[in-house]
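Me: I've got this model open and want to go through it with you. Can you take my questions as they come?

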Amino acid sequence: MERARLAIFVIALGVTGLAGAQAPAAPQAQASGALAPAPATPVAPAAAGGIQGQNIFEVKPEASADPNYAQQTNGERARVQPGNNAPMWRQVGQGVTGYSSLPKSQAPEAGNLIQPFVQYPGSRLTNAGEAWRQVRNNWLIPYGGALLLIVLGAIALFYLGKGTLKTHGVDTGRKIERFTPFERSAHWSNAIAFCILGISGVVMAFGKFFLLPVMGATLFGWLTYLLKNLHNFAGPVFAVSLVIIFFTFVRDNLPKRGDLGWLLKGGGLMSEHEVPSHRFNAGEKLVFWGGVFFLGIIVVASGFVLDMLLPGLVYERSTMQIAHMVHAVATVLMMAMFLGHIYIGTIGMQGAYQGMKTGYVDETWAKEHHEFWYDDVKAGHIPSQRSGKPTPSSQTIQA
Ligand code: HEM
């Protein structure tokens, strides 16, 4: 409607301009029938230069009064409102696919400028591009960001309330090898890739809210561009190391008797003493199966689609939109989960980080945090030195 009015205005301006230039020829222009009957209001006397104005709302009847107006083709519309291409744009907006001589295999969407209508979960029924934008801006960004902030806040509150979980007993000086060099390199490759992915992902998704105002558009643009490329390269490293991590740790993450009790008591986190567990406790097992396995598969698969690494897949815009939404949901959940893991693995628990850094933990740490595992080591069911070469600082314990 707006466009129609604008078009009438332009025509009216042209006609009245002409009329003005040739004044007093205005009645002749009206008589030509190009436009609806002339306004009743007297035409202002021609100004010097001959340009006159006319109130388009007084041009009656409007072209839109025609009952067939909405069904007009672009050609029909051009006759009554030259320059008004609304019928063509309406077709384009509805995702009509036109002819393209490009092969479908190379350019699957060549004949289609704007995608057809679709309703993604949380969006209105509209063009797929706009629907995806609505899901991203109305759901993923605000709720994803809120979840991450809530988790960070909860961790901060827990730390303020509980502080670092300390070992109660005194270190014996006798060490048990908790992680072999292979396990540690797999873990740290994965953790480093995860941090690069997490930071770059957060900047890409939320950076415009907290970095753009501080550093300005140019710097923020370059930073995001750099991080986006880092993200694309770190992704495959993360995927490969995740698979290695999975097979390395899966055996000791299988459910065992005692896990349910551990969960029901919350691991004893709120009391003074931890509930006994095997090599990994039920909390770690939840992160393993929920975060590494389940979310890991979704994050990696959707990431590979976004990186266009899966052969044989037709990469259309809708493929990317769906992969993006799935990726965003799964990565936010994964980050929320691993924020807890990173907290416990660093400032949250004394001695945990040392274990993953050096590979060794003190017997006291083992007994207090993984008592069943410690018992198994003491009973000789699990060797206290699993890798070939003990480091100089490590001392194998005597069973
Ligand atoms: C900066 C990031 C990270 C830090 C500081 C960190 C720290 C740690 C530490 C200290 C441990 C030893 C826990 C114990 O002794 O029981 C551990 C274990 C483990 N971490 Fe991480 N980690 C990080 C990121 C990750 C990521 C991104 C993943 C996987 C996606 C991961 C997967 C694991 C797994 C599978 C284990 C073995 C325990 C289990 O299976 O539950 N970590 N981590």
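Reply: Sure. One thing to start with: H6 gives six residues to the shell around the ligand, the most of any element. Keep in mind that this is a predicted model.

Me: OK, which other elements give two or more residues to that shell, and where does the ligand sit?

Reply: The ligand sits in the largest pocket. Besides helix H6 (181-210), the elements giving two or more residues to the shell are helix H7 (212-249), helix H9 (282-306), helix H10 (317-348) and helix H11 (352-358).

Me: How many residues surround the ligand, and which are the closest?

Reply: There are 25 residues around the ligand, and the closest are Arg 178, His 187, Asn 253, Glu 284 and His 341.

Me: What do the polar side-chain atoms of Arg 178, His 187 and Asn 253 lie close to on the ligand?

Reply: For Arg 178, a polar side-chain atom is 2.7 Å from an oxygen atom of the ligand. Asn 253 also has a polar side-chain atom 2.7 Å from a ligand oxygen atom. With His 187, the polar side-chain atom is 2.7 Å from a nitrogen atom of the ligand.

Me: And the shell by class, how does that split up?

Reply: You have 17 nonpolar residues, six polar ones and two charged ones in the shell.

Me: Let's move to the pocket itself. How much space lies in the largest one, and what is closest to its centre?

Reply: The largest pocket holds about 1300 Å³ of space. It is lined by 49 residues, and those closest to its centre are Glu 284, His 341, Ile 342, Ile 344 and Gly 345.

Me: Which element gives the most to that lining?

Reply: That's H10, with 11 residues. Other elements supplying at least two residues of the lining include helix H5 (128-162) and helix H12 (363-369). By class, the lining has 32 nonpolar, 14 polar and three charged residues.

Me: What about the second largest pocket, how much space is in there?

Reply: About 880 Å³. Its lining has 36 residues, and Gly 201, His 231, His 327, Ala 328 and Thr 331 are the ones nearest its centre.

Me: Which elements supply at least two residues of that lining, and which gives the most?

Reply: H5, H6, H7, H9 and H10 each supply at least two, and H10 gives the most with nine residues. The class split there is 23 nonpolar, 10 polar and three charged residues.

Me: Changing topic: Glu 183. Where does it lie, and is it buried or exposed?

Reply: Glu 183 lies in helix H6. It counts as buried because its relative accessibility is 5%, and the cut-off for buried is under 20%.

Me: What lies 2.9 Å from a polar atom of its side chain?

Reply: The backbone nitrogen of Thr 180 does.

Me: Now helix H4. Which of its residues are buried, and what follows it?

Reply: In H4 (residues 86-93), the buried ones are Ala 86, Pro 87, Val 92 and Gly 93. H4 is followed by Gly 95, which has a positive phi near 80°.

Me: Last one: where is Met 308, and what is its phi?

Reply: Met 308 is in the loop between H9 and H10. Its phi is positive, about 55°, although Met 308 is not a glycine. For background, most residues other than glycine have a negative phi.

How values were computed:
Residues numbered from 1 in each chain as written. Predicted model: local features only at pLDDT ≥ 70, side-chain atom pairs only at ≥ 80, totals over all residues. Heavy atoms only, no water. Near = heavy atom within 4 Å. Polar contact = N/O pair within 3.5 Å; in protein donor to acceptor, adjacent residues only side chain to side chain. 1 Å grid on protein atoms, 1.4 Å probe; cavity = no way out; pocket = protein on both sides within 12 Å on 5 of 7 lines; lining within 4 Å. Sits in = over half its atoms within 2 Å of the grid points. Helix = DSSP H or I, 4+ residues; strand = E, 2+ residues; numbered from the N terminus. Nonpolar A, V, L, I, M, F, W, Y, C, P; charged D, E, K, R; others polar. Points joined across faces, edges and corners; volume = space filled by probe spheres on them. Buried < 20%, exposed > 50% of the residue type's maximum accessible area, 1.4 Å probe, protein only.
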